[in-house]
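Please work through the exercises below with the sequence and the coordinates at hand. Each task is followed by a solution in steps.

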Amino acid sequence: MSANLTINLKRASKVYYEGETVAGVVVVDTNADLRHEGLSLTMEGCVNLQLNTKSAGIFDAFSNTIKPITLINTTIELAAAGKIPVGVTEIPFEMPLVSRQNSIAPALLETYHGVFVNVIYTLKCGMRRSFLNKQLNTSCQFFVQHRPQERPVSKPVRCEITPATVRGGAPAGGSRHMPHFQLYAEIDSTVCALDRPITGKVRVDECSVAIKSVELQLVRVETCGHAEGVSRDATEVQNIQVVCGDPRRACDVPLYAVLPRLFSCPTTATHAFKIEFELNIAVIFEDDFLVTENFPILLVRSK
């Protein structure tokens, strides 16, 4: 005898807002009558934190995973003990998407897949069976988003990048291998809506050597608290090459980046962790000398 459990959600996108009802069916497919001791469905939402062993202390390095933070944990009984007939049986369910009262945030956090911080929401279904039969289990991940707010006011930022601004007043001897250059960079807004592209421009006004590449990098900065302090790690989310080869001088090059789903979320700060984002404009010269300008950005979910 073989039997399978599957969770099918009514909403194809699997994206829900807090306060909505998650609805669907649990499908039981069996080639013979199936006796069971009960069928339950659990909605789980948690934040999984992990420390970077390079930045954590000596004691935390032995166990670099912090206890998960629970956002939701609700269980309902779908069916009492009994028998499911041969064939395909669909059992409907509805569960409200509501955070726990003692949650770390006043509202549910958006689904986010990072390196050291992950926010995950899952439906888990289990069929209890007699002692001699293996319990059947299945799971299905769904996604939580914040309701769109009013569009934020744009906050453009402009800067010039020269050897002086890169080194920040370092001794002259420290920049003897640095080429002479003058770059202009502009980001249309450092307050960015998640469903809208990040735009701007970069321009090479002067440069004494050829340029190999100009790149736009999106960086996540994840901060986790632990027994010996705070672990703060920056990792790359995506890298877009906007110029390949030596660009014309005094010619504007547009910047355009679409934020990746799941790997970006609204900027978040709680007492246990923070998720922040930055933009880097990186210029690589022909001798592989690298110059980077950093722009902290605020990501929001807006209309």
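The exercises go from the overall fold to strand pairing, salt bridges and the nonpolar core.

The model is predicted, so local features require pLDDT of at least 70 and side-chain atom pairs count only at pLDDT 80 or more, whereas totals for chains, interfaces and linings use all residues. Residues are numbered from 1 along each chain as its sequence is written, and side-chain values use heavy atoms, with hydrogens and water left out.

**Exercise 1. Overall description**

Task: State the secondary structure content of the protein, its buried percentage and its exposed area.

Solution.
- Step 1. Helices (H or I, at least four residues) and strands (E, at least two) are taken as DSSP runs, numbered from the N terminus. On this basis the protein has one helix and 21 strands.
- Step 2. A residue is buried under 20% relative accessible area, exposed over 50%, and partly exposed in between (1.4 Å probe, protein chains only). Of the 303 residues, 48% are buried.
- Step 3. Accessible areas follow the Shrake-Rupley method with a 1.4 Å probe, and for residues only the protein chains shown count as cover. The exposed area is about 15,700 Å², of which carbon and sulfur atoms supply 51%.
- Step 4. A contact means heavy atoms within 4.5 Å. Among contacts with a separation of 6 or more, 73% join residues 24 or more positions apart.

**Exercise 2. The pairing of strand β10**

Task: Determine which strands pair with β10, and in which sense.

Solution.
- Step 1. Locate the strand: β10 covers residues 117-128, and nine of its twelve residues are buried.
- Step 2. Apply the pairing criterion, under which DSSP must find at least two bridges between two strands. Strand β5 (residues 38-49) is antiparallel to β10 and joined to it by twelve bridges. V47 has V119 of β10 as its bridge partner.
- Step 3. Strand β9 (residues 112-113) is also antiparallel to β10, with two bridges. Here Y112 stands opposite V119. The two strands form a hairpin with three residues between them.
- Step 4. Strand β11 (residues 136-145) pairs with β10 in the antiparallel sense over seven bridges; M127 has L136 of β11 as its bridge partner.

**Exercise 3. Two positions in strand β16**

Task: Are Q217 and V221 buried or exposed, and which residues do they touch?

Solution.
- Step 1. Q217 lies in strand β16 (residues 211-226), and V221 has its place in β16 as well.
- Step 2. Q217 counts as buried because its relative accessible area is 13%. V221, with a value of 1%, is likewise buried.
- Step 3. Leaving out residues up to four places away in sequence, Q217 touches E236, Q238, N239, E278, L279, N280 and A282. With neighbours within four places set aside, the contacts of V221 include R232, D233, A234, K274 and I275.
- Step 4. For a distance along the chain, take V117: its C-alpha atom lies 10.0 Å from that of V221, although the two are 104 residues apart.

**Exercise 4. Salt bridges**

Task: How many salt bridges does the structure hold, and how exposed are the partners in the R11–E20 and R158–E186 pairs?

Solution.
- Step 1. A salt bridge requires a side-chain nitrogen of Lys or Arg within 4 Å of a carboxyl oxygen of Asp or Glu. The structure holds eleven.
- Step 2. R11 and E20 meet at 2.8 Å, N to O. R11 is partly exposed at 31%, while E20 is buried at 18%.
- Step 3. R158 and E186 form a salt bridge with the closest N and O atoms 3.6 Å apart. This pair links distant parts of the chain, R158 in strand β12 (residues 157-161) and E186 in strand β13 (residues 181-187), 28 residues apart. R158 is exposed at 51%, whereas E186 is buried at 11%.
- Step 4. D205 and R203 form a salt bridge at 2.7 Å, N to O. Both belong to a network of salt bridges that also links K201 and D252.

**Exercise 5. The largest nonpolar core**

Task: Describe the largest nonpolar core and the origin of its residues.

Solution.
- Step 1. A nonpolar core is a set of buried Ala, Val, Leu, Ile, Met, Phe, Trp, Tyr and Cys residues joined through side-chain atoms within 4.5 Å. The largest has 75 residues, and those with the most contacts inside it are V47, F93, L97, Y121, L123, F142 and F273.
- Step 2. Strand β20 (residues 273-285) gives the largest share of this core, seven residues.
- Step 3. Domain bounds come from an automatic or database domain assignment. The core draws at least three residues from each of domain 1 (3-145) and domain 2 (157-168 + 178-300).
- Step 4. Outside its neighbours within four places in sequence, L123 is in contact with residues including I7, L9, V22, L41, F93 and F142.
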